[in-house]
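User: I am new to reading protein models and would like a close look at one part of this one. Could you start there, and then walk me through what else is worth seeing?

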Amino acid sequence: MPDIVNSSYPSLNFNLPSAEQKITPAWQNAERTNLWVKRDDCIHPIVSGNKWRKLRYAIQYIVENKIQHIVSFGGGYSNHLHALGYACKILDIKLTAIVRGHYQLDKLTPMLQDLVDWQVDLQFVDRKTYQLRDQTDYLSSLSLRYSQAFIIPEGGSSHFALGGVADIIHELTQDYDYILAPVGSGGTLAGLIHGTAMQPVDHQAQILGIGVLKGQGYLEELVTNLLASAHQSIAQLPKWSIDHHFHFNGYAKATDQLHAFCQDVQQDVSIPIEPVYSGKLFWAAKELIAQQAFPNGSKILLLHTGGLQGLRNT
Ligand SMILES: *Cc1c(COP(=O)(O)O)cnc(C)c1O
């Protein structure tokens with residue numbers, strides 16, 4: 001498929017494939033493993049890593065079909081709305097963002113202020129209404145109200161997302177034993193599993209998700225449902241699981257230790273991370289390596305999913 005987004009819109013040029021960077025952090029037992037980081041945080045200065053991966057083919061479809069209006073959802077700090085808002089500005093597509101909670105216009109978050117600057121139509125809704133965001137009746141009413149619009153689910157986890165994330169696997173320059181990634185809505189993990197399933201079995205990494213919110217059972221279900229839409233015919237999926245020990249008590253919750261750890265990592269290996277997603281991922285890696293959860297000599301890839309705009313809130 002020609003990449004019409006990259007070729008026609010210079011301000012949406014992406015640094016792809018992203019680098020695989022070897023790191024040797026000063027963590028207990030780190031010398032027993034081989035660690036790399038896939039730097040999806042570097043693919044674009046504004047549009048964040050995994051959110052672009054998930055949006056890429058949805059946007060391509062929208063551009064090819066000359067759709068001029070998108071409706072999507074998110075909270076006041078959403079990396080998804082931020083990535084989508086910028087892409088829509090560049091592509092001259094109208095975006096209606098349905099935002100959880102009522103914000104006063106003089107008290108917007110930095111993320112929402114960017115959306116305003118990019119001419120996004122903000123529609124604030126209360127939490128109860130926001131909870132309806134995946135329900136058929138509510139979506140039908142939105143389709144009536146915004147009759148020409150294309151609706152993208154929260155976090156960009158549409159069926160287009162799996163293929164975009166699978167591109168990460170296709171880009172890899174070597175085999176890994178384990179690939180670790182943070183899990184929020186499950187689209188990224190499902191895409192990594194989807195991409196890995198397309199590789200020969202003896203080249204497949206084991207996919208390990210790190211839950212960033214309290215969601216034991218629930219997150220597995222989200223991933224399984226997303227996979228089911230793409231894999232009716234594939235009997236054998238690669239080994240995957242989600243570790244629930246590193247959510248720090250909930251979404252966007254953190255401790256002073258986690259904040260300090262993010263700064264240590266930045267100093268130690270010169271990679272910026274933030275406490276909502278990548279900080280929990282790196283923390284989990286450090287703990288699991290210390291516990292020798294991976295066999296000696298394992299090749300481990302951490303997927304840096306970006307999201308650094310969120311650091312403006314701390
Ligand atoms: C949204 C997000 C995630 C979670 O991805 P899901 O596909 O929702 O599981 C991870 N990292 C960053 C930086 C994100 O913005």
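Is T96 buried or exposed, and what is its relative accessible area?

Analyst: Happy to help! T96 is buried, with a relative accessible area of 0%. The cut-offs for that word are simple: buried means under 20% relative accessible area, exposed means over 50%, and partly exposed covers what lies in between, using a 1.4 Å probe and protein chains only.

Before we go on, please keep in mind that this is a predicted model, in which local features need pLDDT of at least 70 and side-chain atom pairs count only at pLDDT 80 or more, while totals for chains, interfaces and linings use all residues. Residues are numbered from 1 along each chain as its sequence is written, and side-chain values use heavy atoms, with hydrogens and water left out.

Back to our residue. T96 sits in strand β4, which covers residues 94-100. Helices (H or I, at least four residues) and strands (E, at least two) are DSSP runs, numbered from the N terminus. If we set aside the neighbours within four places in sequence, T96 is in contact with H69, I70, V71, S72, D121, Q123 and Y146. Contact here means heavy atoms within 4.5 Å.

Now let us step back to the whole chain. It is divided into domain 1 (4-48 + 158-311) and domain 2 (50-156), with bounds that come from an automatic or database domain assignment. The C-alpha centres of domain 1 and domain 2 lie 24 Å apart. Where they meet, 32 residues of domain 1 are in contact with 27 residues of domain 2. About 2,700 Å² is buried between the two domains, and carbon and sulfur atoms give 63% of it. Buried area is the accessible area (1.4 Å probe) that two parts lose on being put together, summed over both.

The domain interface also holds polar pairs. Between domain 1 and domain 2 there are 10 residue pairs in polar contact, both residues being at pLDDT 80 or more. On the side of domain 1 that touches domain 2, α1 (4-8), α7 (159-171) and α8 (187-197) each supply at least two residues. Of these, α7 gives the most, with eight residues. That side of domain 1 divides into 14 nonpolar, 14 polar and four charged residues. A polar contact is a pair of N or O atoms within 3.5 Å; within protein, one must be able to donate a hydrogen and the other to accept it, and residues adjacent in sequence count only if both atoms are side-chain atoms. As for the residue classes, Ala, Val, Leu, Ile, Met, Phe, Trp, Tyr, Cys and Pro count as nonpolar, Asp, Glu, Lys and Arg as charged, and the others, Gly among them, as polar.

Next come the salt bridges. Side chains of opposite charge can pair when their charged atoms come close. The rule asks for a side-chain nitrogen of Lys or Arg within 4 Å of a carboxyl oxygen of Asp or Glu. The whole structure has seven salt bridges, and two are found across the interface of domain 1 and domain 2. In one salt bridge, E171 pairs with R53, with the closest N and O atoms 2.9 Å apart. In another, K286 pairs with E287, with the closest N and O atoms 3.2 Å apart. Salt bridges that share partners join K38, D40, R53 and E171 into one network.

D40 deserves a look of its own. It lies in the loop between β2 (34-39) and α2 (49-64), and D40 is buried, with a relative accessible area of 1%. Apart from its neighbours within four places in sequence, D40 is in contact with S18, G49, R53, I168, L303 and H304.

Finally, two backbone details are worth finding on screen. Most residues other than glycine have a negative phi, and most peptide bonds are trans. The peptide bond from L16 to P17 is cis, with omega near -5°, and P17 lies in the loop between α1 and β1 (20-23). Q119 has a phi near 65°, a positive value in a residue other than glycine. You will find Q119 in the loop between α4 (110-117) and β5 (121-125), where Q119 is exposed, with a relative accessible area of 66%.
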